[in-house]
Amino acid sequence: MHHVTKVHFGPLLSEVRTKVDSKRPLLRYLVDKREGLRNIHPKELLTSDFSCLHSPYSLPDLSDAVELLVQFAKDGKKILLYGDRDSDGVSSTCLLAFFLKSHPEFSNINLEVMVSSESDPYGLCKEALVKIKKVKPDLLVTLDFGSSQADEIEELTNTGIRMIVLDHHEVPVRIPTNCALVNPRRTDSVYPEKKICTAVLSFKLVSAILFRMSDEFNKVYSKTEENSSGQSETLYFQNGVRVSKESIATQNLEGKNILPYPEDFVTSVPVEEERKLFYYQCSQIPDFFSGLEEETDLAGIGTITDMMPLTGENRHFVKLALQSLTKLYTGDKKRKGLSELLKELKLNPHGITTKDLGWSIGPVLNSAGRMGKTEEAVSLLLSETVQDAKSKAKQLLSINEERKERTKRNMDRVERYFARKPERTTNQIVFCYEPDMEPGVSGIVATRMVDTYKKPAIFLAPDNGDARGSIRSYGRENVLELLESLASHFLHFGGHPEAGGFSIQLDKIPAFEAALYPTADEWLSKDKERSTIHSIETDFTVLTEEMGERLLKEWKDLEPFGQGNPDIKLAIRNAKAIHLTPLSAGKHVRFHLIGSGSLKYMIWNKGDEFQKFMSEHGSFDLVGSLEENFYQGRTTLQFIVEWFGIASD
């Protein structure tokens, strides 16, 4: 399949079982290979609960944000939540809005919710500023943008609007003033995690508000221990964060108001002293965790759909979200909209999976923004009745079908474009623009271009009189660096190191493309380790008779899989296929392998290519992953093929 030049075959299962000294040798081998997992305690690998989460109070400006929200809500001042159009923006906005609307403490809140619409460029663009000034909020909370827009923020704050920015994008040298900027990427942030999405920041804000309203807020705990010099030292903690002796002194606390660190308190997952103390304090608050459980669902969806690394705290958020969503599906919980969406998607009621978040729930929520109807996703998630939620869930699924059709039309045009101009695929970055491309799905198309050509890719489409483009990285390259080098061509640009977006005037596209190729060559030349060999690394080489449910269970505890913790990649050598069944007029194909019983093997989008290959070769090598598939009420096992061919030794 396209551009794979080398397959590195992992060890045989029998070799690992013989050489690795462990009760679970395959799991031990996989954990040791993964940098983000190998150094965590085994119990934290296997279990996720609220003790695994860090105190929100170590986030920069978080305390200020809490005080602003609580005070403005109690005073009946107008609060505007303004979120980005993508799934993380929608999830973070609705998580915070739902909490503020449903908590008894804020029953009289004066709250309005807005999200970016189809014609708006990213963030606090001119159109957004006009909308905000028309609403005239006393407090504005932006979600999933704002870190890089100091000028626009100061324009708003100069009119008397107070501001909170919840964002996780790159922070420039000049950051906004006169606002609470809650962003873990700030250089002054001491928060242990840097790569968390905005929906998680919304969860952190909600948990901090709940903590703020409890008797545990601002209590000081201390413990005395021996330091590295052998001297006795007293450590102080407040709101789950270690604080200095000087900061305690300024609070004029008497000795009796400083509580002893709860040394005897035991958590099911061994965690360090700050997490342990914050968990202990939260456990003293009635119904604290039961109130937060349902708030994890949108945090987990945002984490998966914004492709955050599934290590550290993100891993726990996704696991907690899956538990919460499974309960939501089968129980009577607050989130009527999300519950009805799960039912309309016909997901497995016995257990929502990471795949469901990334391939079903997330894309549906994202589709509204892509199709210029973000308000539909917000309206669903904030539904208050089952009847309303059911109707809106059906509407959102209909929008998603439109998105799929638009993506398909664009991909057909992309294939024809490169068939006419194959020389364009020889550049170090793949670029595609034609006037008949359709807007809204540029990120999906750019990602598929990367998958096909194994290079960074840009897809550009006309949109409301200008054009909007998406760029995606192939490896470790930082696409924001490239966009910054070409900034003079854009109206706006932004994003993550792995994925970015921009808008541009139509008449500037030729000059942009002319500048793109030499600039990209220089950009990529800086990466000395960048290889032109496109290889696949597999975890194990498996015999066909070893495939099955028992094998899948051996690494089940490594889930959730995703960015930073990829699914287990298996290789099979000298396989022989039988019972080929073409699907969708040959676009896809299903088959079995001799020796692996009734297990189904699936190849997506390369069915014709595989059938041609099979007509020329008797046996072949393949690489892919085992997964469970839930369809029409039944769960079956299948193997998804990523690559097939004859690998050189």
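In this predicted model, strand β20 (residues 588–593) and strand β21 (residues 600–603) run antiparallel to one another and are joined by three bridges. Two facing pairs help to locate this ladder: phenylalanine 591 has tyrosine 601 of β21 as its bridge partner, and arginine 590 stands opposite methionine 602 in β21. The hairpin made by β20 and β21 has six residues between the strands, and glycine 595 in this hairpin takes a positive phi near 105°.

On the other side of the story is strand β19, which also pairs with β20 in the antiparallel sense, here over five bridges. Isoleucine 578 faces histidine 592 of β20 in this pairing. The hairpin of β19 and β20 has four residues between the strands, and serine 584 is a residue of this hairpin with a positive phi, near 50°. As for burial, five of the six residues of β20 are buried, so this strand is largely enclosed by the rest of the structure.

These strands belong to a wider arrangement. Seven strands make up an open sheet of mixed pairing, and reading across it gives the order β17-β18-β22-β23-β21-β20-β19. The edges are taken by β17 (540–541) and β19 (577–583); each has a single partner strand, so one side of each is left without a neighbour in the sheet. Helix α22 (residues 607–616) packs on this sheet, where it touches β19, β20, β21, β22 (620–631) and β23 (634–645). The direction of α22 makes about 150° with that of β19.

A second open sheet, again with mixed pairing, is built from four strands in the order β9-β8-β7-β10. Its edge strands are β9 (241–243) and β10 (258–260), each of which pairs on one side only. Leaving direction aside, neighbouring strands in this sheet are turned against each other by 45° on average. Strand β8 (residues 232–238) and β9 run antiparallel and are joined by three bridges, with glutamine 238 standing opposite valine 241 in β9. This sheet, too, has a helix packed on it: α10 (residues 273–283) touches β7 (220–226), β8 and β9, and its direction makes about 145° with that of β7.

Helix α7 (residues 150–157) offers a look at how burial can be distributed around a helix. Its buried residues are Ala150, Ile153, Glu154, Leu156 and Thr157. They span an arc of only 160° around the axis, which puts them on the same side of α7. Among the elements covering these buried residues are α6 (126–135), β4 (139–143) and β5 (162–166).

Finally, a single side chain deserves a visit. Arginine 186 lies in the loop between β6 (180–182) and α8 (198–212). Is arginine 186 buried or exposed? Its relative accessibility is 9%, and because the cut-off for burial is under 20%, arginine 186 counts as buried. Where does the side chain of arginine 186 make a polar contact? One such contact is with the side chain of aspartate 61, at 2.9 Å. The arginine 186 side chain also reaches the backbone oxygen of leucine 181, at 2.8 Å. Setting aside residues up to four places away in sequence, arginine 186 touches Pro60, Asp61, Val171, Ile175, Leu181 and Lys194. Aspartate 61 and leucine 181 thus appear both among the residues touched and as partners of the arginine 186 side chain.

Notes. Residues are numbered from 1 along each chain as its sequence is written. This is a predicted model: local features need pLDDT of at least 70, side-chain atom pairs count only at pLDDT 80 or more; totals for chains, interfaces and linings use all residues. Side-chain values use heavy atoms; hydrogens and water are left out. Two strands pair if DSSP finds at least two bridges between them. Contact means heavy atoms within 4.5 Å. Axes are lines fitted to C-alpha atoms, for helices over the stretch in contact, and angles run from 0 to 180 degrees between N-to-C directions. Buried means under 20% relative accessible area, exposed over 50%, partly exposed in between (1.4 Å probe, protein chains only). A polar contact is a pair of N or O atoms within 3.5 Å; within protein, one must be able to donate a hydrogen and the other to accept it, and residues adjacent in sequence count only if both atoms are side-chain atoms. The arc is that of the directions from the helix axis to the C-beta atoms.
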